[in-house]
Amino acid sequence: RFIAKPCAINLGIQDSGPHRAQPNAILEKVFTSITKSPDGKRLEGLSKQLDWDVRKIQRWFRHRRNQDKPTTLTKFCESMWRFTFYLSIFFYGIRFLWTAPWFWDTRQCWYNYPFQPLTSRLYYYYILELAFYWSLMFSQFTDIKRKDFLIMFVHHLATIGLITFSYMNNMVRVGTLVLCLHDASDFLLEAAKLANYAKYQRLCDAFFMLFGVVFIVTRLGIYPFWILNTTLFESWELIGPYPSWWLFNGLLVTLQVLHIIWSYLIIRTASKALVRGKVSKDDRSDVESSSEEEDATSNSTKGILSTSSNGSNRLNGHVAGGQWTGE
């Protein structure tokens, strides 16, 4: 409110939403009471009732759906808040872990376990991360909705479960490694979004490509061969199969499955960008393409298909075909 919004205004981002649909009582009643994405049969009926062209009705529904979507200013402010947190907590974690022996030798995570001291710096690192992910869990239902809603919901549950579980069982050493590793790429994605909202396309492309490289290296390389290796094998070797071994590693493996899904979506988005010469699409988009429905109508006059609203079909959301600019 006091920092992000003035920055957005200085960058020329206006607090204006998508094109608003012209007032129409009949279509508004259908939209609010029956369906936001009418099928071909209903579209033809409305066309006869209103004496409107089918394409015009489709355009009205698309505009009506999009006018409920958040403005670019709102999205900029949300991303700037997340960028600020991710960047700050990442550098805090790196500064703290740089002098920690288990950062350089993961076997140190298990020496003298569970009788390992909990320092104040480690405590605050954990509490800040836990508070932030709890805030994401609740704000997820009021923040900008994207199609990867379900994946992010599972991610937040697994993350909160891991932070809480590792803290209760004094596995904070390996826990700090997991947290720092995940923060390494998140601020780059938010930076790409900020550049995109400000219409700095080349900067956006650069940040997104850098994010993709860091994400894949950390989540598909370092995470399984560094983190999972110590929790699955080194811990078993040094302290044996402790009672919570299966649950703890089950949550960590769940995160790895999510990493694989996201990596696939990132690679798909990046490959499209290479073809188009820019990051033009993001599969987590929350705004519909202006030509989606019009293209559908051009295929036939009888079997008209309308695209579903991205807001109602959310996969959650840190990617299946919408405008990257809408993201």
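Visitor: In this predicted model, is the crossing of H5 and H9 left-handed or right-handed?
Guide: The two elements concerned are helix H5, residues 72–97, and helix H9, residues 172–197. Their axes come within 7 Å and cross at roughly 150°. The crossing of H5 and H9 is left-handed.

Visitor: How many nonpolar, polar and charged residues has the contact of H5 with H9?
Guide: Two packed helices are described by the angle between their axes and the distance between the axes. The contact of H5 with H9 can also be broken down by residue class. The polar class has four residues and the charged class six, while the nonpolar class has 17.

Visitor: Which element gives the largest share of the largest nonpolar core?
Guide: This core has 58 residues, of which Leu97, Trp102, Tyr223 and Phe248 touch the most other members. The elements that give two or more residues to the core are H5, H6 (101–104), H7 (120–139), H8 (149–168), H9, H10 (201–239) and H11 (245–276). The largest share is twelve residues, and these come from H9.

Visitor: Which residues are in contact with Phe248, leaving aside its neighbours within four places in sequence?
Guide: Phe248 is one of the four residues that touch the most other members of the largest nonpolar core. With its neighbours within four places in sequence left aside, Phe248 is in contact with Trp110, Leu162, Phe165, Ser166, Met171, Val174, Thr231 and Tyr242.
A second, separate core of eleven residues includes Phe31, Leu46, Leu50 and Ile57.

Visitor: Is Thr159 buried or exposed?
Guide: Thr159 is found in helix H8. Beyond its neighbours within four places in sequence, Thr159 is in contact with Tyr133 and Leu255. The relative accessible area of Thr159 is 8%, and the cut-off for buried is under 20%. Thr159 is therefore buried.

Visitor: Why does Phe115 count as exposed?
Guide: Phe115 lies in the loop between H6 and H7. A residue counts as exposed over 50% relative accessible area. Phe115 counts as exposed because its relative accessibility is 73%.

Visitor: How many Å apart in space are Phe115 and Asn170, C-alpha to C-alpha?
Guide: In sequence, Phe115 and Asn170 are 55 residues apart. In space, the C-alpha to C-alpha separation of Phe115 and Asn170 is 8.1 Å.

Visitor: Is the peptide bond from Tyr113 to Pro114 cis or trans?
Guide: Pro114 lies in the loop between H6 and H7. The bond from Tyr113 to Pro114 has omega near 5°. This peptide bond is cis.

Visitor: What is the phi of Asn112?
Guide: Asn112 lies in the loop between H6 and H7 and counts as exposed, at 62% relative accessibility. Although Asn112 is not a glycine, its phi is positive, at about 60°.

Visitor: Where is Asp51 found?
Guide: Asp51 has a positive phi of about 60° although it is not a glycine. At 71% relative accessibility, Asp51 counts as exposed. Asp51 is found in the loop between helix H3 (40–50) and helix H4 (54–66).

Visitor: How many helices and strands has the chain?
Guide: From the N terminus on, the elements run α-α-α-α-α-α-α-α-α-α-α-β-α-β. The secondary structure of the chain comes to two strands and twelve helices.

Visitor: Over which residues does pLDDT stay under 50?
Guide: The mean pLDDT of the chain is 79, and 80% of its residues reach 70 or more. For the stretch under 50, the model has 142 contacts beyond four places in sequence. That stretch is residues 285–327.

Conventions:
Residues are numbered from 1 along each chain as its sequence is written. This is a predicted model: local features need pLDDT of at least 70, side-chain atom pairs count only at pLDDT 80 or more; totals for chains, interfaces and linings use all residues. Side-chain values use heavy atoms; hydrogens and water are left out. Axes are lines fitted to C-alpha atoms, for helices over the stretch in contact, and angles run from 0 to 180 degrees between N-to-C directions. Helices (H or I, at least four residues) and strands (E, at least two) are DSSP runs, numbered from the N terminus. A crossing is left-handed if the near helix is turned anticlockwise from the far one by less than a right angle, and right-handed if clockwise. Ala, Val, Leu, Ile, Met, Phe, Trp, Tyr, Cys and Pro count as nonpolar, Asp, Glu, Lys and Arg as charged, and the others, Gly among them, as polar. pLDDT is the predictor's confidence in each residue, from 0 to 100. Contact means heavy atoms within 4.5 Å. A nonpolar core is a set of buried Ala, Val, Leu, Ile, Met, Phe, Trp, Tyr and Cys residues joined through side-chain atoms within 4.5 Å. Buried means under 20% relative accessible area, exposed over 50%, partly exposed in between (1.4 Å probe, protein chains only).
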